[in-house]
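Trainee: I should like to learn how helix packing is read from a model. Could we begin with one pair of helices and then proceed to the chains as wholes?

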Amino acid sequence: MGNIDDLIDKLARDTAVVKPAPHPYLLSLQWMGVAAAYLILALVFSGLRPDLMLNLQQPWFVTEIAALVCIFIATSLSAALLAFPDLHQKRSAAFAPALAFVLFLLVMFCAWNADSPPAPLPVHSFECTISITLVALLPAAWTLYVMRKYASTHCRWAGSIALLFAFSVGALWLRLYEINDSILHVVEWHYLPMIVFGLAGLWLGKTVLKW
Amino acid sequence: MKSYIINMFVTENTDNFEALMILSLNGDQRAYASLLKETSRLLRPFLAKRLSFTNEVDDLLQEILISIHKARHTYDGKRPYKPWVYAIARFRLQDYLRAHYSDQLRQALDLSEVEESLPEYVTETAISYESIRREVQKLPAKQATILQLMHEEGYTAKEVAVKMGMNESAVKVAAHRAYKILRKKLEK
């Protein structure tokens, strides 16, 4: 008991004016802003796919991009909430990515059904996964670095959602850059690896976000 | 003066964690000490319910207080304080229990580590069905017959007594003596 009183005295003596962390919605907006700027920059360097305007008239392509943007927003919001010990007392909002992923799966299923006759598979395969990973590295490192400044009590989930957020940037970039309409290829080499990296984030979060 | 009175009121009103925290974030050391004291009073029963020893509770409480200190910038005073502090306490408790049980696992001896120092394979025995049978045959004829009837052919002591013209207790006594002789011989 004496030790605790001593500790309290010591902590009280050490305290000074503390600037509270920004609201998670603001934090999420900041992350989205920076990630969007990074995406635009990446697209400026790589160039847009030449048939983008034509594809933007395809309803399933537009829906797929919209669903990816939903994942981008939901994961950013969730990662910001997960950075706080009590999820800023907005537990349901922290689980928003689950809804976004269900929507995304539904969209992919419908797009796959509508892909008749199936679009030809591109000649490349794992190169897409590598490209997405390379583009996602910077946002992933940055998001995890910022999250470390807070105090997550859900380190594994926070790590996973942070990686999904970063990989959604990479996936968006590749969909807007690569000339490819094959849903099978996109699922196999764009989105499934993204899920795998999300799972790897469970381990990474535990390691990186420990405090 | 006004702020001093407000300060005094809030510091006295120890239930008002949120107000104490706002003052603490503004650098009020007295409010912060009160807040930490009240928080440790709040958390002690929570931890005591989940841990066996008082020293464990004290150790963990100290860790939680340090964590609150480290994470205080994640609280803005605009939402209830208790869910925030319990989230940190639960997180540290889980960490503590995980470390505690993994320590126990590390210290536990694996059977393979001590296997070689054991005198012999304890589950194996030199006594086989054949060796018992050999020893039974060396017994006095009456005892050997009783054991054969009871253990090979499945007769009860009563049935053996009828078959051999003895009374039941004499059969049981003879069988008991035979067991003693057998045990001595097989233990050698």
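**Reading helix packing**

Mentor: In chain B, helix 7 (residues 129–138) and helix 10 (residues 168–187) pack with their axes 10 Å apart, at an angle of about 130 degrees. The model is a predicted one.

Trainee: Which quantities describe such a pair in general?

Mentor: Two packed helices are described by the distance between their axes and the angle between those axes. For the present pair, an angle from 115 to 145 degrees falls in the oblique class. Helix 7 of chain B and helix 10 of chain B are therefore oblique to each other. The crossing of helix 7 and helix 10 of chain B is right-handed.

Trainee: Which residues make the contact between helix 7 of chain B and helix 10 of chain B?

Mentor: Helix 7 of chain B contributes B:Ile132, B:Glu135 and B:Val136, while helix 10 of chain B contributes B:Leu182, B:Lys185 and B:Leu186. By class, this contact of helix 7 with helix 10 of chain B holds 4 nonpolar, no polar and 2 charged residues.

Trainee: How does the spacing along a helix help in reading such a list?

Mentor: An α-helix has 3.6 residues a turn, so residues three or four places apart point the same way. With that in mind, consider another pair. In helix 2 of chain B, B:Phe17, B:Leu20, B:Met21, B:Leu23 and B:Ser24 meet residues of helix 3 of chain B, namely B:Ala31, B:Tyr32, B:Ser34, B:Leu35 and B:Glu38. The contact of helix 2 with helix 3 of chain B comprises 7 nonpolar, 2 polar and 1 charged residues.

Trainee: At what angle do the axes of helix 2 and helix 3 of chain B cross, and is the crossing left-handed or right-handed?

Mentor: The axes of helix 2 and helix 3 (residues 29–50) of chain B cross at roughly 140 degrees and come within 8 Å. Helix 2 and helix 3 of chain B are therefore oblique to each other, and their crossing is left-handed.

Trainee: Why is helix 2 of chain B described as largely enclosed?

Mentor: Burial is read residue by residue. Helix 2 (residues 17–25) of chain B is largely enclosed by the rest of the structure because 7 of its 9 residues are buried. These are B:Phe17, B:Leu20, B:Met21, B:Ile22, B:Leu23, B:Ser24 and B:Leu25. Just after helix 2 of chain B, B:Gly27 adopts a positive phi of about 95 degrees.

Trainee: How should chain B be read as a whole?

Mentor: One may take its elements, its domains and its contacts in turn. Chain B has 10 helices and 0 strands. Its domain 1 spans 2–107 and its domain 2 spans 129–187, and the centres of these two domains of chain B are separated by 75 Å over C-alpha atoms. Of the 188 residues of chain B, 23% count as buried. Among contacts in chain B between residues at least 6 apart in sequence, 46% link residues at least 24 apart.

Trainee: What do the corresponding values give for chain A?

Mentor: Chain A has 9 helices and 0 strands. Buried residues account for 39% of its 211 residues. Of the contacts in chain A with a separation of 6 or more, 85% are between residues 24 or more positions apart. The C-alpha atoms of chain A fill a box of roughly 75 × 30 × 25 Å along the principal axes.

Trainee: How many residues does each chain give to the contact between chain A and chain B?

Mentor: Chain A gives 23 residues and chain B gives 29 residues. On the side of chain A that touches chain B, 15 residues are nonpolar, 4 polar and 4 charged.

Technical notes. Residues numbered from 1 in each chain as written. Chains lettered and ligands numbered in written order. Predicted model: local features only at pLDDT ≥ 70, side-chain atom pairs only at ≥ 80, totals over all residues. Domains from an automatic or database assignment. Contact = placed C-beta atoms within 7 Å. Nonpolar A, V, L, I, M, F, W, Y, C, P; charged D, E, K, R; others polar. Helix = DSSP H or I, 4+ residues; strand = E, 2+ residues; numbered from the N terminus. Buried ≥ 20, exposed ≤ 12 C-beta atoms within 10 Å, placed from the backbone. Axes fitted to C-alpha atoms, helices over the stretch in contact; angles between N-to-C directions. Parallel < 35°, antiparallel > 145°, perpendicular 65-115°, else oblique. Left-handed = near helix turned anticlockwise from the far one by under 90°.
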